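Visitor: I have a structure to look at and would like to be taken through it step by step. Please keep the terms explained.

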Amino acid sequence: MTRTGTRTTPLLAGGSLAPAHLARETGTFAMVAADQRDSLRTMMAERAGVPGEDIPHDHLTEFKMAVARELGPHASALLIDRDYGYRQLIDDSVLPGTCAPILAVDVLDQVPGQAVEGTSLDEAVDTAAVVADGTRGLKLLVIWRRDDQRDARVELAARFVELCREAGLASVLEPVARPADGEQDTFVLNDAIVDAARELAPLRPSLYKCQVPDGGVGSLAHLTEQATRIDAVVDVPWVVLSQGVAAADFPTAVEAACRAGASGFLAGRALWTDALTGDRDAALRGPSTDRLRLLADIVDTHGRPWWDTAAARAEVSA
């Protein structure tokens with residue numbers, strides 16, 4: 001055991017306190033995602049009624065800096081990418097000390113205006129430089145399918161987790177389950193989320209980030225029951241993302257996941273989408289901040305502290 005602040009917490013990942021660096025004092029996670037790339041450009045273009053190519057790069061960066069500036073003081077961590085904003089975020093010290101930077105290190109295979117088809121690891125990332133920047137974690141998106149690339153994806157995820165472990169950084173592994181070719185008519189999202197977790201969570205990332213069952217649609221009891229299936233196969237701290245979940249449904253989805261054993265969320269769209277139109281900063285300071293505070297209260301009330309996960313308890317007793 002080691003002491004962090006006024007609480008005593010177990011060591012994880014070979015003596016690393018990596019999860020603690022991204023967490024609230026309660027041991028839960030209220031994290032903001034601002035690492036969207038072409039998907040953010042597409043959202044901006046749709047709201048402006050222009051083609052995606054008419055949205056300049058600096059508009060994406062400016063939006064992300066506004067998100068970091070307004071939501072960072074209320075978040076335990078903020079996720080951003082190298083293409084649009086990471087360097088400025090660090091060099092301008094945009095985030096307060098209470099909000100840890102996380103860097104996305106996934107290279108996206110994505111046709112403009114369409115969904116991400118696959119990912120790889122950004123081999124150009126200098127982890128020593130990232131640590132020197134004060135960044136506390138790295139994140140990798142993996143598009144998971146029941147196809148002949150499953151072993152390759154496990155290998156990719158394992159390399160990522162080991163890279164983070166060697167650098168002393170938290171590893172945030174984000175599998176997103178999609179149907180394989182020919183599986184569209186038989187694909188069941190909840191089953192796929194569980195299958196992906198069963199395959200990838202044993203790699204022991206610092207945090208496992210996954211989709212909300214049923215896209216967050218349904219009663220609290222139903223969503224909790226479905227999320228319990230995830231918890232049964234994940235023994236590290238896990239959080240949920242908000243992609244595909246309506247902003248109005250996300251608080252119930254987060255509560256359900258936390259009641260089932262999750263430790264919080266890492267979300268973007270459910271927090272800041274309405275700031276893409278109208279008065280951006282007013283929307284971020286008002287509705288977006290209000291949502292983030294509500295969600296933080298939910299995870300503090302219902303979330304499992306990261307040090308109470310099976311992986312943490314196993315290391316303490318070893």
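The questions below go from the whole protein to single strands and residues.

Visitor: What kind of model is this, and how are residues numbered?

Guide: This is a predicted model, in which local features need pLDDT of at least 70 and side-chain atom pairs count only at pLDDT 80 or more, while totals for chains, interfaces and linings use all residues. Side-chain values use heavy atoms, with hydrogens and water left out, and residues are numbered from 1 along each chain as its sequence is written.

Visitor: How many helices and strands are there in the protein?

Guide: Helices (H or I, at least four residues) and strands (E, at least two) are DSSP runs, numbered from the N terminus. Counted in this way, the protein has 12 helices and 12 strands.

Visitor: Why is the protein called as compact as a globular protein of its length?

Guide: The radius of gyration is taken over C-alpha atoms, and the globule rule is 2.2 Å times the number of residues to the power 0.38. For 318 residues the rule gives 20 Å, and the protein is close to that, so it is as compact as a globular protein of that length, with a radius of gyration of 18 Å.

Visitor: What share of the residues of the protein counts as buried?

Guide: Buried means under 20% relative accessible area, exposed over 50%, and partly exposed in between (1.4 Å probe, protein chains only). Of the 318 residues, the buried share is 54%.

Visitor: What share of the contacts with a separation of 6 or more comes from residues 24 or more positions apart?

Guide: A contact means heavy atoms within 4.5 Å. Among contacts in the protein with a separation of 6 or more, residues 24 or more positions apart account for 71%.

Visitor: Which strands pair with β4?

Guide: Two strands pair if DSSP finds at least two bridges between them. Strand β3 (residues 29–34) is joined to β4 by 4 bridges, and the two run parallel. Strand β5 (residues 100–104) also pairs with β4 in the parallel sense, over 5 bridges. The partners are therefore, by the two-bridge definition, β3 and β5.

Visitor: Which residue in β5 stands opposite Leu79?

Guide: Leu79 is the bridge partner of Ala33 in the pairing of β3 with β4. In β5, Ile80 has Leu103 as its bridge partner. The residue opposite Leu79 in β5 is Ile102.

Visitor: How many residues of β4 are buried, and which way do they point?

Guide: In a regular strand the side chains alternate between the two faces of the sheet. In β4, Ala77, Leu79 and Asp81 point one way and Leu78 and Ile80 the other way, and all are buried. For β4 (residues 77–81), the count of buried residues is 5 of 5.

Visitor: Which residues of β5 lie on the side with Pro101?

Guide: β5 is mostly covered, with 5 of its 5 residues buried. Both faces are covered: on one side are Ala100, Ile102 and Ala104, and on the other are Pro101 and Leu103.

Visitor: Is Leu22 buried or exposed?

Guide: Leu22 lies in helix α1 (residues 18–22). Leaving aside neighbours within four places in sequence, its contacts include Ala77, Ala100 and Ile102. Leu22 and Leu78 are 56 residues apart in sequence and 8.8 Å apart in space, C-alpha to C-alpha. With a relative accessible area of 0%, Leu22 is buried.

Visitor: What is the relative accessibility of Leu95?

Guide: Leu95 is found in the loop between α4 (86–91) and β5. Leaving aside neighbours within four places in sequence, Leu95 is in contact with residues including Leu78, Ala100 and Pro101. Leu95 counts as buried, and its relative accessibility is 13%.

Visitor: Where is Val176, and what is its relative accessibility?

Guide: Val176 has its place in strand β9 (residues 170–177). Among its contacts, leaving aside neighbours within four places in sequence, are Leu141, Trp144 and Leu241. Val176 counts as buried, at a relative accessibility of 4%.

Visitor: What is phi of Arg204?

Guide: Most residues other than glycine have a negative phi. Arg204 lies in the loop between α7 (189–200) and β10 (207–210), and it counts as partly exposed at 33% relative accessibility. Its phi is positive, near 60 degrees.

Visitor: What is phi of Asp214?

Guide: Asp214 lies in the loop between β10 and α8 (220–231). At 30% relative accessibility, Asp214 counts as partly exposed. Its phi is a positive value in a residue other than glycine, near 55 degrees.
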